[in-house]
Amino acid sequence: MAIRGGRILRVGNYSSLQDLVGSETKMVNLQKKIAVPGFIDSHVHLISGGLQMARVELHGVSQKDHFVNKVKEAASNMQPGSWLLGGGWNNDLWGGELPMASWINDITPENPVWLSRMDGHMGLANSLALKLAEISNNTLDPDGGVVVRNSVGEPTGLLIDSAMKLVLPCIPEVSVEERREALLRASKHALMRGVTTIVDFGRYFPGASPELSWEDLSDVYRWADLSEKMKIRVCLYFPMETWTRLHELINRAGRKLSQWIYLGGLKSYADGSLGSNSALFHEPYADEPLNHGLQLADAEKLYNMTLSSDKSGLQVAIHAIGDRANDLILDLYKSVASKNGMRDRRFRIEHAQHLSPGAAARFGEQEVVASVQPDHLLDDANSAIKKLGDKRAQRGSYLFNSLLAGNVQLALGSDWPVADINPLRSIKTAMRRVPPGWENAWIPSECISLSDALNGYAP
C-alpha cells in the first residue's frame, strides 16, 4: 500500500508499487499484520466527551461510597457557588438503587451539583441545585419528562429526560475556550483509538438547548478548521427543530465546508433509555408495571418536521430504543417516504436496541440505516433481563445478525461519552456478545462476523 500526504495512492503487491518509491520514501514492514482504514464512529457526542474528560468521572463506579467519595473529593477543590459537574454513573453497577440528593447534600452545601447518568437521559441534582432551579413539591412533570419524587412527593434530585431542562438552563454556559480545549482533547482520544472520522450529534440531549450545536459549529469547529487544528473529520448533525437553518446553510455553502467538516443531517428523539426506564415499550417494565416509558416528541410535530426536512433533501436520524419507539419511527418513515416519493434518503434510527417481532425485516424493506452501539449491550444485558424479563429481552435485544439478514446497513459506533470510543472493543463485542462476568454470549444467534463488524466501521 502506497500512501502520500495522508492519502492512499495505490494498493497492490510489492513489485507493483516500485514506480512510486522515491529517495524520501519511508518503508514500513507490517510483519504480516493487518492494516485497515481509519475507523468511522457513527454516533458520537464529541465535545460533550471532551468536556466530560475534565469533570467528575463516574464511569465504572460500583459502590455508593465510591460515588459519594468521588463527589466529595471534587467539591473539596471548588470555590463556593461554583457548579460541580460530572457524569457517567450507572446505578445498575451497585445493585440498582438510584442515587438521591441526600447522598451528597452534606458534602456539597455551597456548590450546586449536576451529575448525568451514563446514558444522558437522567441526572442527579443536589438540593442547592434544585433550589436554584425552583424545583419543589409543586413542580409539574413536563411533557416527555419526570421529576422523580419520594413517597411524600418531595423531589429526590433525579430528573428524567425533558425534566432535565428544569435545571440545565441554571448551569453557566461552558466558555468558548473550554469547548475548544474539549474538541482538541476529544480528537486526540479518538485518534489514539484509530478513529479518524466521527458522526457528531453534538451537545443535543433531552432538555438541552438546540442552539448548542450551532454555537459549537461557529465557535469551535470553524475556529479549529481555520486555525488548522482539526485532527479528525466530522459529519455534523443538528436538532431537527432547526432544520430550516441547516437547509439554508447547505444551499449557501454546500454540505462540505472543508476537508474536515461535513454537514450531515438532523437529529430528534422518540424516547429515552432503558437504564432510565424511559425507553418506550409496547409492554410495561417488569420492575415498574405501570410504566411503558416516555414518548419524548409529540407525534404530529415530529412527523411534520421529518416531512419538511426530508422534502428539503436533508437526512434524518431519530433516536429510538424501546420496541414501541422503533415501530413508531418505522411507521413515520414509511409515511414520509410515501408522501415525498422515492429517493436515496437513508433514514437512520439511532440505537435500535429493542425491536418487536418483524421490525428487523422492516428496516431492510424500508432501507432504514440501523445505527447501533455494540458496547451498550455490555451494560444492558443484566439490566434488560431485570427490566423486561428474560423472554422479552432474549426475543428483541440488539438484533445485529437479524438486521444483517434483512440486508440492513449497520452503522457501528460508541455513543461516546456514554460508552468509550473504542472500535476494537466494539468489534469484539459485536462478534462475541459476552457481558462482564458472563461466561457465554448473550443471545449468541445475534453474533456477527469480523467482516460484518469491520464493515460497520468502514468508509
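This report walks through the nonpolar cores, one helix and one pocket of a predicted model.

Let's start inside. The largest nonpolar core has 84 residues, and those with the most contacts within it include Leu46, Leu217, Tyr221, Val234, Tyr333, Ile349 and Phe363. Helix 9 (residues 323-340) gives this core its largest share, six residues. Another core, of 25 residues, lies apart from it, with Val68, Ala74, Ile104 and Phe205 among its members.

Phe363 is a good place to look around. Leaving aside neighbours within four places in sequence, Phe363 is in contact with Asn326, Leu330, Ile349, Ala352, Leu355, Val368, Val369, Ala370, Leu403 and Val408. Two residues of that list, Asn326 and Leu330, also appear among the buried residues of helix 9.

Now to helix 9 itself. Its 18 residues, at 1.5 Å a residue, should span 26 Å, and this agrees with the 26 Å between its end C-alpha atoms. The buried residues of helix 9 also include Asp323, Asp327 and Tyr333. After the helix comes Gly341, with a positive phi near 90°. These elements are among those that cover the buried residues of helix 9:

| Covering element | Residues |
|---|---|
| Helix 8 | 299-311 |
| Strand 13 | 315-320 |
| Strand 14 | 348-351 |
| Helix 10 | 359-366 |

Finally, the second largest pocket holds about 1000 Å³ of space. Of the 27 residues lining this pocket, Met1, Ala2, Ile3, Lys26 and Val28 lie nearest its centre. Strand 1 (2-4) and strand 2 (7-10) are the elements that each give two or more residues to the lining. By class, the lining has 15 nonpolar, nine polar and three charged residues.

Terms used:
Residues are numbered from 1 along each chain as its sequence is written. This is a predicted model: local features need pLDDT of at least 70, side-chain atom pairs count only at pLDDT 80 or more; totals for chains, interfaces and linings use all residues. Side-chain values use heavy atoms; hydrogens and water are left out. A nonpolar core is a set of buried Ala, Val, Leu, Ile, Met, Phe, Trp, Tyr and Cys residues joined through side-chain atoms within 4.5 Å. Buried means under 20% relative accessible area, exposed over 50%, partly exposed in between (1.4 Å probe, protein chains only). Helices (H or I, at least four residues) and strands (E, at least two) are DSSP runs, numbered from the N terminus. Contact means heavy atoms within 4.5 Å. On a 1 Å grid over the protein atoms alone, a cavity is a set of points where a 1.4 Å probe fits but cannot get out, and a pocket is an open set with protein on both sides within 12 Å along at least five of seven lines; lining residues have an atom within 4 Å of a point. Grid points are joined across faces, edges and corners, and a volume is the space filled by probe spheres set on the points. Ala, Val, Leu, Ile, Met, Phe, Trp, Tyr, Cys and Pro count as nonpolar, Asp, Glu, Lys and Arg as charged, and the others, Gly among them, as polar. The expected span of a helix is 1.5 Å times one less than its number of residues.
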